[in-house]
Amino acid sequence: GRMFLERYVEAPRHIEVQILADGFGNVVHLAERDCSVQRRHQKVVELAPAAYLDDTLRRTLHDDAVRLAKHVGYRNAGTVEFMVDKQGRHYFLEVNPRIQVEHTVTEEVTGIDLVQSQILIAGGASLADIGIRSQDDIKVQGFAMQCRITSEDPQMNFAPDFGRVEVYRPPGGMGIRLDGEVVVGSRVSPNYDSLLVKLTCKEKDFSRVIQKMYRALAEFRIRGVKTNIPFLLNVLKAETFLSGNFATDFVDATPSLFQLDQRTDDMTKLLTYLAEVAVNGAKHPGALGPAPTVTEPTPPTPAADEPPRGYKQLIDEQGPAAFAKAIRDHKGLLIMDTTWRDAHQSALATRMRTRDLLASAPATADALAGAYSLEMWGGATFDVALRFLHECPWRRLELLREAVPNVPFQMLLRGANAVGYTSYADNVVNAFVKEARVAGIDIFRVFDSLNYVDNLKFGIDSVRAANGVVEATVCYTGDVSDPSRTKYTLDYYLDLTEQLVAHGIDVLAIKDMAGLLKPRAATMLVGAIRAKFPDLPIHVHTHDTAGTGVASMIAAAEAGADVVDVCTDAMAGLTSQPSMGALIGSTAGTELDTGLLMPKILKLNTYWEQTRGLYSPFESGIKAGSADVYIHEMPGGQYTNLKFQAFSNGLGSEWDRIKAAYATANEILGDIIKVTPSSKVVGDLAQFLVANDLNATSVVDQAETLSFPTSVVEYFQGYIGQPVGGFPEPLRSRVLKGKDNGYATRPGCEIKDVNLDELQAALKRKHAKRDVSFRDTLSAAMYPAVFDDYVRKQNVHGRVTMLPTKAFLMGLDIDEECEIELRSGVRVSVKLKAIGELLFNGNREVFFEMNGIPRVVEIEDKTEEGTTKKTRLASREKSNPEDMGSVGAPMAGGGGGGRGAGGGKQ
């Protein structure tokens, strides 16, 4: 019998020797190449000569390759491939009778053109004819390395990518060679080899060639298709590779190679956004007003490089209790500036971007150094930042905190509702408050939309646990100066305050959401609380809807309030807060003097006058104050948002009816406290009444057959708490007929805790391209669908926060130029040059100049013209990058030229 034996060669090095032979029996070698860096038997990195190879073994490989070629009478260029085991023994693998992909490294170290030599020999030339008289004529100088750059996505298991090359900017300099035909506009097909270009570098030694290759790869810019460059960079900095002690198992045995840096292609994504707006128009919900009236305003400069100390330092050094005492002991009136939150929420639908807030920060830290606080976070700003501005609210807090180190930051916390519109698990709210405190919030204005004490106490406890300043809030409605209003009386507010003080608070806030607190009522309410609680700091908030804001705040201060809310004059009045300048001027030289310097305040105001012009599309159209707020009692922050909703729902022409219906809805619901989220319930019901032509009587009579808005149903189910005086009957029973009765106590007591670690892990799986942080997890816990959409938008359009506001809101006009700061010290100039004709596929090419270099982005035309053209075409469905469930199916690409050794048998 016969027996066939094989030797298993474990993790060998793959060494190949380049030979060149003529038709006259002459054979030479051009030294060896190390091709051991392989993935799935496909070569990734090639070196010539092989680093740290024993010289005796090197000579043996050369001699065996030449001997084999002579033995078989080989002619022309070829590659003799060997495996070398861990003991230094070599095994013949195969001969490749052709030019290899990696031939460039041999050419670089020998100076011999292999392609030209092969053609000449095929034409009958001898080695001597092409300048090689003997082996001694072959001189190896330095080291050369080749990396194969392919259109493969390392994050998707190296699936071939395809598409149009939008940017192709290769590296250059001495010792850098490129072999490829890719240019801007090239289309990479899914039906062919994924190799884009071969990058070859040459240097004096092994370590230097690695450095040069790393630099070249880092400078290479290819946009429009994914590449394996991040993976190659990881290979070059791996310890095993740097040591030269690598074999064919290197890639599989080094999982860190696949821990890829998230290299964001910011400019291509931003150009895609600008091109989308140029072709299809701006899509910003609520932008019903005129176009922006100004370009980027000039940020004001502070008086000094470093801002003076403020109350922030007192909180950090001595804690909340010492801060509260200092506020009560302060002589004069303190202010909180709402410009960064409630002012633009009330006046501009909460659309103020971080970019414009940050530009005012240094001057704000200087001008308002003596202020009680800056209200700048929470409330609707969290939701709107993610949903409409495509910004991370946590990042806003971080950036502003860094820019304003001296003034306390204050947020609006909706008690058990945190910054959402419903109740959440207790552990979610507690984690949110703790993280907000760490990120930079000092003072938490804790309120409940129904003044529900159990929810208030929970919020207070959560802030106390995070070591924040507890500003517990009494939400004001009704009119304590009107004896006929018997539900929300002076005794009611005193009793509620007593319960809060007994639970342990630092400051009491009186939150007048709609501007109902008339001067006489302010005197009565604040005076009564001050008389009963002489050591309690009192902070009063109002809106100027009826035009009495300044008078009411002065009345409150004269009755004993320590702090009142105002905003910069340019953002003040109407549904916003009272004017800061008016209050400062009115109290100057009196016992209530704020101590703030008018020149600095006016300088800051000039900036906000200009900046407001950028946001003119979000102006509500309100021209003057209106005392009808005393009838409908609509919160100032809700007014502009509800008006936008009415237009979105086709009820814009019914706005006056909706305001009247708001008062009716409030009456139907039992005359409730109205502030987010309870105000949303009233607003939704008001629109429902108008849309269905219902009144206070008919809606109760028909309640069992009506399909009420979800917010109304959940209100009656106790999702946001229990209203003062209980739910109105029989309306509640009729609305909930056949439904779950919901909660009779604080919802958080019954809602199961959320496993935030599991949620974070799930988000990382869902959004694999994003480094999901714990703060992201909290955002998703509050707004799951909104967060998902925010991530999708970022994946497609990048960090739009870097765009100037006018460009973000309205795009660019033809030949309009804007400057984008990608990072500190790196600015890019972008000019829109032209929008191309409609292509056969329903797309348009949009032409830009970026730093003077032409760039082209192809965008689907979603207008009627583009849609009409697409309907005439029989086209296959394409994946939508904004839809996580829409997955493209690229055909696998071919090999990379040259089989790898892997683990072989001999």
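**Exercise 1. State how many cavities of 30 Å³ or more the structure holds, and describe the lining of the largest cavity.**

Step 1. The structure holds 1 cavity of 30 Å³ or more. A cavity is a set of points, on a 1 Å grid over the protein atoms alone, where a 1.4 Å probe fits but cannot get out. The model is predicted: local features need pLDDT of at least 70, side-chain atom pairs count only at pLDDT 80 or more, and totals for chains, interfaces and linings use all residues. Residues are numbered from 1 along each chain as its sequence is written, and side-chain values use heavy atoms, with hydrogens and water left out.

Step 2. The volume of the largest cavity, taken as the space filled by probe spheres set on the points, is about 30 Å³.

Step 3. Its lining residues (an atom within 4 Å of a point) are Y476, T477, M513, A514, L516, E633, P635 and K674.

Step 4. By class, this lining of the largest cavity has 5 nonpolar, 1 polar and 2 charged residues. Ala, Val, Leu, Ile, Met, Phe, Trp, Tyr, Cys and Pro count as nonpolar, Asp, Glu, Lys and Arg as charged, and the others, Gly among them, as polar.

**Exercise 2. Find which element gives the most to the lining of the second largest pocket.**

Step 1. A pocket is an open set with protein on both sides within 12 Å along at least five of seven lines. The second largest pocket has a volume of about 540 Å³.

Step 2. Of its 30 lining residues, A380, Y421, N641, Q645 and T676 lie nearest the centre. Two or more lining residues come from each of α10 (339-348), α12 (380-387), α22 (636-648) and α24 (678-691).

Step 3. The answer is α22, with 6 residues.

Step 4. The lining of the second largest pocket divides into 10 nonpolar, 11 polar and 9 charged residues.

**Exercise 3. Determine how the buried residues of α19 are arranged around its axis.**

Step 1. Helices (H or I, at least four residues) and strands (E, at least two) are DSSP runs, numbered from the N terminus. In α19 (580-587), M580, G581, L583, I584 and T587 are buried, that is, under 20% relative accessible area with a 1.4 Å probe, protein chains only.

Step 2. These residues cover an arc of only 165 degrees, which puts them on the same side of α19. The arc is that of the directions from the helix axis to the C-beta atoms.

Step 3. They pack against β16 (334-337), α18 (549-558), β23 (563-566) and α20 (598-614), with contact meaning heavy atoms within 4.5 Å.

Note on methods: Buried < 20%, exposed > 50% of the residue type's maximum accessible area, 1.4 Å probe, protein only.
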